[in-house]
Amino acid sequence: MPRQKMPRLVTTTPVFHELLRTTTHKNLAKIIGVSRSMITSIATNQRIPSLPIALKIAKHFNKSVDELFMLKTAESKFSPDKEAQLLG
């Protein structure tokens with residue numbers, strides 16, 4: 001039986017994306033000790049960061065984890081269009 005994909009339960013917030021514009025994926029990856037592809041995967045919601053990685057990202061940006069990542073619910077699914085509207 002093929003393995004079913006688990007739904008993504010965590011997503012990045014508009015705050016995360018706004019802060020990510022202040023640096024490169026490569027630079028952030030170097031600072032927190034992961035690969036650039038890991039940062040890209042987190043930014044595109046292809047991967048969920050582990051708690052230690054989420055904490056390091058939050059510490060780097062001087063934010064709380066819940067300001068950068070949130071649980072996905074029916075009301076909190078951000079599309080790129082909705083995110084652009086929110087960020088103005």
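The buried residues of helix α2 pack against three other helices, namely α1 (14-20), α3 (36-43) and α4, and this account of the predicted model takes α2 as its point of departure. The buried residues in question are Leu28, Ala29 and Ile32; viewed down the axis of α2 they fall within an arc of 100 degrees, so they line one face of the helix. On the other side of α2 lie Lys26 and Lys30, which are exposed.

Before following α2 to its neighbours, it helps to place the helix in the whole. The protein chain contains six helices and two strands, and, read along the sequence, these elements follow the pattern β-α-α-α-α-α-β-α. Of the 88 residues in the protein chain, 31% are buried. Among the contacts in the protein chain with a separation of 6 or more, 62% are accounted for by residues 24 or more positions apart.

The packing of α2 on α3 can be described from the two helix axes, which come within 8 Å and cross at roughly 110 degrees. An angle of 65 to 115 degrees counts as roughly perpendicular, and α2 and α3 are therefore roughly perpendicular to each other. The crossing in which α2 passes α3 is right-handed. On the α2 side the contact involves His25, Lys26, Leu28, Ala29 and Ile32, and these meet Arg36, Ile39, Thr40 and Ala43 in α3. By character, the residues of this contact of α2 with α3 comprise five nonpolar, two polar and two charged. The buried residues Leu28, Ala29 and Ile32 of α2 thus appear in the contact with α3, as does Lys26, which is exposed.

Turning to the other packing partner, helix α2 (residues 25-32) and helix α4 (residues 51-61) pack at an angle of about 110 degrees, with their axes 10 Å apart. These two helices, α2 and α4, are therefore also roughly perpendicular to each other, and α2 passes α4 in a right-handed crossing. Leu28, Ile31 and Ile32 of α2 make this contact with Ile53, Lys56, Ile57, His60 and Phe61 of α4. The residues of the contact of α2 with α4 divide into six nonpolar, one polar and one charged.

One of the α2 residues in the contact with α4 is Ile31, and its degree of exposure deserves a separate remark. Ile31 is partly exposed, with a relative accessible area of 45%. Ile31 and Ile57 are 26 residues apart in sequence, while their C-alpha atoms are 9.0 Å apart in space.

The backbone around these helices also has residues with positive phi values. Just after α2, Gly33 takes a positive phi of about 85 degrees. In the loop between α3 and α4 is Asn45, whose phi is near 60 degrees, a positive value in a residue other than glycine; with a relative accessibility of 25%, Asn45 counts as partly exposed. Beyond α4, in the loop between α4 and α5 (65-68), Asn62 is found, with a phi near 55 degrees, again a positive value in a residue other than glycine. Asn62 counts as exposed, at 70% relative accessibility.

Conventions
Residues numbered from 1 in each chain as written. Predicted model: local features only at pLDDT ≥ 70, side-chain atom pairs only at ≥ 80, totals over all residues. Heavy atoms only, no water. Axes fitted to C-alpha atoms, helices over the stretch in contact; angles between N-to-C directions. Helix = DSSP H or I, 4+ residues; strand = E, 2+ residues; numbered from the N terminus. Parallel < 35°, antiparallel > 145°, perpendicular 65-115°, else oblique. Left-handed = near helix turned anticlockwise from the far one by under 90°. Contact = heavy atoms within 4.5 Å. Nonpolar A, V, L, I, M, F, W, Y, C, P; charged D, E, K, R; others polar. Buried < 20%, exposed > 50% of the residue type's maximum accessible area, 1.4 Å probe, protein only. Arc of directions from axis to C-beta.
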